[in-house]
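I'm opening a fresh page for a structure I haven't looked at before. Here is what I looked up, entry by entry.

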Amino acid sequence: MAAPQQRRLIFKHIDEPGYTNDLACYQRHGGYEILKKAVRMPPPAIIDEVKKSGLRGRGGAGFPCGVKWGLVDRKSGKPIYLIVNADESEPGTFKDRYIIHQDPHQMIEGVMISCWANNVKQAYIYIRGEFPHGARILEKAIAEARAANLVGPNLLGTDYSCEIYVHRGAGAYICGEETGLIESLEGKRAYPRIKPPYFPAVLGLYQCPTIVNNVETLCHVKHIVDMGGDEYAKIGTPNNTGTRLLCVSGHVQKPGYYEYEVGKITLGELLNEVCGGPLPGRTFKAVIPGGSSAKILKFGETFTLKNKDGSTRTLTVEELPMDFDTLAAAGTMGGSGGVIVMDDSVNMVEALANINAFYAHESCGQCTPCREGSLWMKKITARMVHDTARADDGVLLKSVADQIAGRTICAFGEACSWPTQSFIAKFGDEFKSYPETKKVAKADGALELV
Amino acid sequence: MVNLFEILMNLKPETLRQIDEVITHYPVKRSAVLMLLHAIQEDVGYISQEAIEWIAQKLELQPINVYEVVTFYPMFRQKPIGRRHIKVCRTLSCALMGGYKTCETFEKEFNTHRGEVSPDGEVTIEFVECLASCGTAPVVMIDDDLHEKVDVAKAKQLSASLKQEAAQRR
């Protein structure tokens with residue numbers, strides 16, 4: 001069976017020959033017409049369309065965008081801020097990079113529509129420090145839009161004004177967490193805030209109501225206003241509407257970025273047909289479906305899932321549709337859309353050691369279980385690879401991971417323990433036998449992962 | 001008024017203009033800390049004690065408020081680095097495609113170790129976390145520019161062109 005066709009909504013012009021990232025090109029392709037339409041609509045009507053669309057956040061948690069907007073405290077009398085989370089840093093995720101570099105005006109249009117809808121007068125784009133060209137491209141794009149009255153005072157001749165500024169991060173993964181991002185934007189260490197009381201919708205930037213949305217999410221807003229929430233909701237599958245950017249990396253023939261209707265493509269179709277299957281002579285071993293903190297899936301395992309009518313269905317890894325709900329039911333998550341594939345050349349102890357090194361480096365250090373736990377998980381897996389490995393190290397690792405999740409201020413605690421928990425649960429034997437495996441010299445000088 | 005720190009740091013007029021502009025972007029001056037650190041690091045190459053004190057004064061903060069930011073964010077450094085900054089991605093997708101070998105190749109080519117300035121002062125190699133270009137792994141940033149699919153052969157090529165550029169300069 002052939003894989004379904006891509007449906008390119010957000011990536012319509014990405015890699016299109018002759019398409020440039022300047023305002024003139026964007027406007028030749030119908031750019032900012034939707035913003036012009038939006039400013040003729042009452043703001044609550046736009047929020048309603050977004051609610052009807054069922055759009056779920058594309059940054060990781062999959063929280064409904066309309067609900068997020070609905071939670072904003074509009075009675076406080078304080079200004080409302082909008083922050084674009086362009087701190088793309090979940091390992092395996094590389095979608096926003098292409099929007100920012102190749103089609104920045106699409107994002108800016110989405111931002112301005114969202115600002116209009118939420119009566120936001122000041123928006124910030126928090127872009128990761130490692131995108132210096134991206135930051136310059138955005139600054140140039142904003143300046144172009146400002147000169148054309150598409151950003152700034154008296155937008156399109158209305159009495160509404162809204163400014164956008166670019167704010168650069170400096171290499172800290174935790175800034176992707178929205179309250180950490182807010183602290184960072186306030187000029188501090190990115191220590192996430194405790195919720196309650198610091199829900200951004202009520203007490204966000206400068207203790208004012210704040211909306212934090214992912215780059216891709218805000219681009220979708222433009223298309224929702226274009227086609228109407230009901231029409232948009234027909235794309236994808238129920239409760240998993242719209243299209244989704246999927247980033248595939250690791251051991252496949254054709255890694256890259258693809259855009260599909262949510263839930264209309266299975267993991268197997270994506271990896272075997274779209275991405276050309278495993279590398280020559282290799283077979284797939286494991287896949288992380290939604291950024292490195294998502295729980296790993298093992299090829300060969302099956303999932304018994306409940307249907308709406310109470311009956312059950314059994315799916316293999318290959319049969320899992322790439323949507324939010326099925327992946328969650330299978331014990332993992334769609335997360336940020338970053339699919340990392342590992343073939344049979346990979347030893348899972350070494351892969352986990354690589355991941356643990358990342359999380360130990362990126363823990364902000366605020367909560368003891370996470371600061372100490374992520375470090376010890378790194379130390380244990382690094383010791384297993386580079387020094388002595390013990391058969392019961394897997395048990396030890398799991399005991400550390402189990403004491404982090406649920407005991408921290410932010411979701412980083414879960415993000416850093418899920419890999420360890422899922423690797424041990426699914427590849428426990430490999431951890432047990434690692435001391436023996438190590439004694440056998442690697443014939444093909446296999447990959448070093450840590 | 002002549003500012004002693006400005007003289008010590010010898011900031012370019014363009015940097016000073018950029019700094020004054022960026023402070024106006026925020027209702028609270030403190031928010032500009034990261035942007036000022038970026039501006040100064042791009043101009044001077046690193047964040048000195050003088051820079052920390054100057055930023056604190058500029059934003060009406062205590063030096064500790066700036067120092068704690070410098071030490072938290074991996075991109076800020078308190079010492080000069082080599083003329084060119086080679087950042088090799090270490091994280092999983094790049095590692096699966098040979099990122100560790102890429103990093104070692106650069107180390108050999110410039111006779112240095114990650115985190116150090118090469119003996120000729122030309123490069124500093126850093127093994128960094130995810131650069132968000134996992135589909136074209138392994139990836140490397142040389143200063144502001146991204147290089148994709150940098151296997152051992154391409155790492156050697158890139159090293160050769162860096163060395164050639166250095167030789168022409170001398």
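**Entry 1: a loop residue**

I started at Ser433(A), which sits in the loop between helix H16 (412–432) and helix H17 (434–439) of chain A. Helices here are DSSP runs of H or I with at least four residues, strands are E runs of at least two, and both are numbered from the N terminus. This is a predicted model, where local features need pLDDT of at least 70 and side-chain atom pairs 80 or more, while totals for chains, interfaces and linings use all residues. Residues count from 1 along each chain as its sequence is written, and chains are lettered from A and ligands numbered from 1 in the order written.

Is Ser433(A) buried or exposed? Ser433(A) counts as partly exposed because it has 13 C-beta neighbours inside 10 Å (20 or more other C-beta atoms within 10 Å would be buried, 12 or fewer exposed, with C-beta atoms placed from the backbone). I also found its C-alpha atom 8.7 Å from that of Arg390(A), 43 residues away along the chain.

**Entry 2: the sheet**

Next I traced an open, parallel sheet of four strands in chain A, ordered S3-S2-S1-S4. Strands S3 (163–168) and S4 (210–214) of chain A each have a single partner, so one side of each lacks a neighbour in the sheet. Pairing takes at least two DSSP bridges between two strands; S2 (122–127) of chain A has six to S3(A). Across from Tyr124(A) I found Tyr165(A) in S3(A).
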